[in-house]
Amino acid sequence: LRAGPLSGKRVLVTSGPTHEPIDPVRYIANRSSGAQGTALAVALRDLGAEVVFVTGPASVAPPDRVELHKVETAQQMLEAVQTALPVDAAVFAAAVADWRVEGSHAQKIKKTAHGIPEMKFSENPDILATICAHPTRPALVVGFAAETQDVIAHARDKRLRKGCDWIVANDVSPATGIMGGSNNTVHLITETGVEDWPPLPKAEVARRLAARMAKALA
Ligand code: C5P
């Protein structure tokens, strides 16, 4: 590991979407590519941190020189995150599916016979909120907020509701091209207020955030 301001710090990053199975061949997911989470893991690692990287099925390759944990579902992601504790800081960049299919089928659902299947959902655990309320809560917890309207208001509310220190908020309306794209326009919400960052490559958003985290942890 490289020496740097985060040397000796263990930092957890969640990244990517989760896949919630309907049956062995079908799933429910979202458009997260894992690009921002991966860039963050790289930036934190390059500042000297020991990075635990818990990723759902992302479309970008995971970084090297991190402790890699690949998961599929939100429940598996929660387990991997809990196992990784204690850590000094945690960034929850994953786009976790809010719901999973209740009683997903062990065999492929056939098109014939019973007509169109009906699905019931149940709520997935909120990993960020769970870790914020954990007995070994990391000293610094950063959440993300992907919104398509009232970005700042929702993100402020989310910071308080989930109990995290900072929220990185971004507008993921299709017109912004953020999901799956290489740039990001974010607002950093902390206990002291809101910072509007300019449009930046995701790698640069990651480097700035990692530097801020290093300062906060120093
Ligand atoms: O509630 P919402 O999904 O908008 O919150 C976003 C933040 O919460 C992100 O940091 C995301 O990684 C985290 N989250 C989570 N577990 C969930 C849902 C969201 O950790 N089930």
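These legends walk through a few views of a predicted model.

**View 1. The whole chain, to get your bearings.**
Start with the full fold, which comes to 5 helices and 14 strands. The C-alpha trace spans about 60 × 35 × 30 Å along its principal axes. For 218 residues, a compact globule would have a radius of gyration near 17 Å, and the chain's 18 Å agrees with that. Of those 218 residues, 46% count as buried. Among contacts with a separation of 6 or more, 62% are between residues 24 or more positions apart.

**View 2. Strands 9 and 10, side by side.**
Here strand 9 (residues 140-147) pairs with strand 10 in the parallel sense, over 6 bridges. Look for Phe-144, which stands opposite Val-168 in strand 10. Strand 10 itself (residues 166-171) is mostly covered, with 5 of its 6 residues buried.

**View 3. Lys-158 meets Glu-147.**
At the end of strand 9's numbering sits Glu-147, and its salt-bridge partner is Lys-158, with the closest N and O atoms 2.7 Å apart. The pair ties helix 4 (residues 151-162), home of Lys-158, to strand 9, and the two residues are 11 apart. Are these partners buried or exposed? Lys-158 has a relative accessible area of 15%, so it counts as buried, and Glu-147, at 13%, is buried too.

**View 4. A salt bridge along helix 4.**
Stay on helix 4 and find Asp-157 and Arg-161, which sit about one helical turn from each other because they are 4 residues apart. They form a salt bridge, with 3.2 Å between the closest N and O atoms. Asp-157 is partly exposed at 40% relative accessible area, while Arg-161 is exposed at 56%.

**View 5. Arg-10 and Glu-67, a link between strands.**
Side chains of opposite charge can pair when their charged atoms come close. In this view, Arg-10 and Glu-67 meet in a salt bridge (3.3 Å, N to O). The pair joins distant parts of the chain: Arg-10 belongs to strand 1 (residues 10-15) and Glu-67 to strand 5 (residues 67-70), 57 residues apart. Arg-10 counts as buried, at 19% relative accessibility; Glu-67 is partly exposed, at 31%. The structure holds 14 salt bridges, and elsewhere Arg-2, Arg-45, Asp-46 and Asp-64 are linked in a network of them.

**View 6. A nonpolar patch on the surface.**
Which residues make this nonpolar surface patch? Trp-99, Met-119 and Phe-121 do, and the patch is about 340 Å². Met-119 lies in the loop between strand 7 (99-101) and strand 8 (121-123). With 40% relative accessibility, Met-119 counts as partly exposed.

Technical notes
Residues are numbered from 1 along each chain as its sequence is written. This is a predicted model: local features need pLDDT of at least 70, side-chain atom pairs count only at pLDDT 80 or more; totals for chains, interfaces and linings use all residues. Side-chain values use heavy atoms; hydrogens and water are left out. Patches are made of residues with over 30% relative accessible area and no salt bridge: like charges are joined within 9 Å, nonpolar side chains (Val, Leu, Ile, Met, Phe, Trp, Tyr) within 5 Å. Accessible areas come from the Shrake-Rupley method with a 1.4 Å probe; for residues, only the protein chains shown count as cover. A salt bridge is a side-chain nitrogen of Lys or Arg within 4 Å of a carboxyl oxygen of Asp or Glu. Buried means under 20% relative accessible area, exposed over 50%, partly exposed in between (1.4 Å probe, protein chains only). The radius of gyration is taken over C-alpha atoms; the globule rule is 2.2 Å times the number of residues to the power 0.38. Contact means heavy atoms within 4.5 Å. Two strands pair if DSSP finds at least two bridges between them.
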